[in-house]
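Me: I should like to learn how to read the features of a structural model, one at a time. May we go through a case together?

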Amino acid sequence: MPTNPTIRDVARAAGVAPATASLALRNHPRLRKETCAKVQKAAAKLGYRPNAVVCQLLSQLRASRTPKYQATLGLINASENRALLNEIHTFRDWVGGVRERASALGYGVNEFWLHEKDVPPRRLTEIFRAQNIRGIIVAACMSREALPAGFDSILSSFACVVLGARGVRPALNLACNNQFSTIRRAFDEAIRLGCQRPALVMSEEVDELVERRFSGGFLAAQCGLPTSRRIVPFRYHSAVDVPLTARLATKEVISRFAAWFRRSRPDVILCIHPEVKEWVENLGAAVPGDVGLIHLDRDPTLANWAGMNQNNQLIGAGGIDMLVGQLHRNEIGVPSFPKCLLIESSWVDGASAGDRR
């Protein structure tokens with residue numbers, strides 16, 4: 001046995017070419033899993049250890065080249081409403097980040113709808129295998145269950161990363177915005193602008209979808225205020241089935257909001273639904289003169305709004321980085337210890353917040 005085995009020694013022991021051995025040790029998707037396993041077994045038996053300096057130089061060399069096609073990844077639209085992936089700016093930005101980052105790494109992306117008629121899990125698995133898809137990104141989950149129970153066969157056979165919302169069943173690797181940090185930064189910006197009584201208006205559906213990170217971050221931020229300036233958040237249930245597209249509320253919700261607004265007297269409201277501006281103005285309050293507004297997922301279409309840019313394209317790109325890393329490590333199936341990649345938000349100035357300094 002060589003004292004310091006090289007990649008050529010590993011290749012010779014496995015009966016493959018050195019280039020194949022190098023790819024197999026990185027679980028390259030072009031190779032069969034059996035080939036990768038054979039090479040990795042030979043490397044372990046020889047005690048092969050890659051040279052960290054050489055690996056770094058090779059990585060830099062690969063990064064400087066135009067990437068060659070590696071494989072195809074699957075993008076699953078998990079929403080029951082197929083159009084949501086294109087209609088909601090958050091989802092559009094995720095998908096844009098997914099496609100851009102995948103292309104930069106040499107991967108193609110094929111899109112699938114989870115609720116496609118006449119395409120049960122078994123058929124979808126066959127399609128993935130026919131297209132040599134080993135890794136999938138799941139987006140637009142509108143409930144805490146990432147994939148229905150019938151799709152367990154897919155989860156056990158492929159590498160998988162979820163964007164945006166972590167499912168309870170099953171618990172998969174996740175790339176998402178750090179909503180806890182997002183709302184704390186928004187709160188701090190409100191205080192910087194001279195606001196004394198920041199408040200939160202949030203639908204229960206959205207807050208629950210992100211594991212109460214919005215309300216949790218807000219309550220944590222309030223700890224820095226005197227008790228007399230702390231306002232209980234206004235929570236309500238959306239009047240439509242899809243909370244992220246809610247633009248209407250029941251008369252009962254609007255009535256409760258009016259009572260809460262008069263009782264709480266906020267000077268700035270943190271929210272995620274822009275219809276809150278209409279609710280405030282219908283009560284005779286001026287924005288931002290009487291009360292400021294800060295959006296927690298601001299996009300360029302919200303002209304004059306101040307708020308937090310959740311950097312959603314980076315969430316999509318981060319999900320691809322996680323997925324490709326899993327493929328290289330041959331991490332297939334539901335992970336024993338799921339990982340979570342949190343992307344920070346950026347503050348965007350806007351007239352809606354006002355300035356009370």
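Me: To begin with a loop: where is the place of Asn304?

Reply: The model is predicted, and in it Asn304 sits in the loop between E9 and strand E10 (306-309). Its phi is positive, about 70 degrees, although Asn304 is not a glycine. At 58% relative accessibility, Asn304 counts as exposed.

Me: Which residue follows H7, and what is the sign of its phi?

Reply: Asn132 follows H7, and its phi is positive, near 55 degrees. Asn132 is likewise not a glycine, and its place is the loop between H7 and E3. With 41% relative accessibility, Asn132 counts as partly exposed, whereas Asn304 counts as exposed at 58%.

Me: Which residues of helix H7 are buried?

Reply: In helix H7, which spans residues 121-130, the buried residues are Pro121, Leu124, Thr125, Ile127 and Phe128. Viewed down the axis of H7, these buried residues fall within an arc of 160 degrees, so they line one face of the helix. Arg122, Arg129 and Ala130, on the other side of H7, are exposed.

Me: Against which elements do the buried residues of H7 pack?

Reply: They pack against three strands, E1 (71-77), E2 (107-113) and E3 (133-139), and against helix H8 (152-157). The element E3 also bounds the loop that holds Asn132, with H7 at the other end.

Me: How many helices and strands does the protein have?

Reply: There are 14 helices and twelve strands. Of the 357 residues in the protein, 50% are buried. As for contacts with a separation of 6 or more, residues 24 or more positions apart account for 74% of them.

Me: How may I read the surroundings of a single residue, and what does Arg99 touch?

Reply: One may take the element, the accessibility and the contacts in turn. Arg99 lies in helix H6, residues 89-104, and counts as partly exposed at 34% relative accessibility. Not counting residues up to four places away in sequence, Arg99 touches Leu75, Val109 and Glu111. For Arg99 and Val109, ten residues apart along the chain, the C-alpha atoms are separated by 6.5 Å.

Me: Is Ser215 buried or exposed?

Reply: Ser215 counts as buried, at 5% relative accessibility. It is found in helix H11, residues 213-222. Its neighbours within four places in sequence left aside, Ser215 is in contact with Leu200, Asp207 and Arg235. From C-alpha to C-alpha, Ser215 and Phe180 are 7.9 Å apart in space, with their positions 35 residues apart in sequence.

Me: In which helix is Leu23 found?

Reply: Leu23 is found in helix H2, residues 18-25. This leucine is buried, with a relative accessible area of 17%. Leu23 and Thr35 are twelve residues apart in sequence, and their C-alpha atoms are 9.8 Å apart in space.

Me: How does one look for internal space, and how many cavities of 30 Å³ or more does a search of the whole structure find?

Reply: Rolling a probe the size of a water molecule over the atoms shows where empty space is left. Here the search of the whole structure finds one cavity of 30 Å³ or more. The largest cavity has a volume of about 40 Å³. Its lining consists of Asn27, His28, Leu31, Lys33, Cys36, Arg134, Leu327 and Asn330. By class, that lining has three nonpolar, three polar and two charged residues.

Me: How should the cysteines be read, and what is the count of disulfides?

Reply: A disulfide is a covalent bond between the sulfur atoms of two cysteines. With a cut-off of 2.5 Å between cysteine sulfur atoms, the count comes to zero disulfides. Cys340 is in no disulfide, and the nearest cysteine sulfur, that of Cys176, is 4.1 Å away. Cys340 counts as partly exposed, at 34% relative accessibility, while Cys271 is buried, with a relative accessible area of 0%.

Me: Finally, which residues does a cis peptide bond join?

Reply: A cis peptide bond joins Val287 and Pro288, with omega at about 5 degrees. Pro288 is found in the loop between helix H13 (276-282) and strand E9 (292-295). The loop of Asn304, with which we began, lies between E9 and E10.

Key: Residues are numbered from 1 along each chain as its sequence is written. This is a predicted model: local features need pLDDT of at least 70, side-chain atom pairs count only at pLDDT 80 or more; totals for chains, interfaces and linings use all residues. Side-chain values use heavy atoms; hydrogens and water are left out. Buried means under 20% relative accessible area, exposed over 50%, partly exposed in between (1.4 Å probe, protein chains only). Helices (H or I, at least four residues) and strands (E, at least two) are DSSP runs, numbered from the N terminus. The arc is that of the directions from the helix axis to the C-beta atoms. Contact means heavy atoms within 4.5 Å. On a 1 Å grid over the protein atoms alone, a cavity is a set of points where a 1.4 Å probe fits but cannot get out, and a pocket is an open set with protein on both sides within 12 Å along at least five of seven lines; lining residues have an atom within 4 Å of a point. Grid points are joined across faces, edges and corners, and a volume is the space filled by probe spheres set on the points. Ala, Val, Leu, Ile, Met, Phe, Trp, Tyr, Cys and Pro count as nonpolar, Asp, Glu, Lys and Arg as charged, and the others, Gly among them, as polar.
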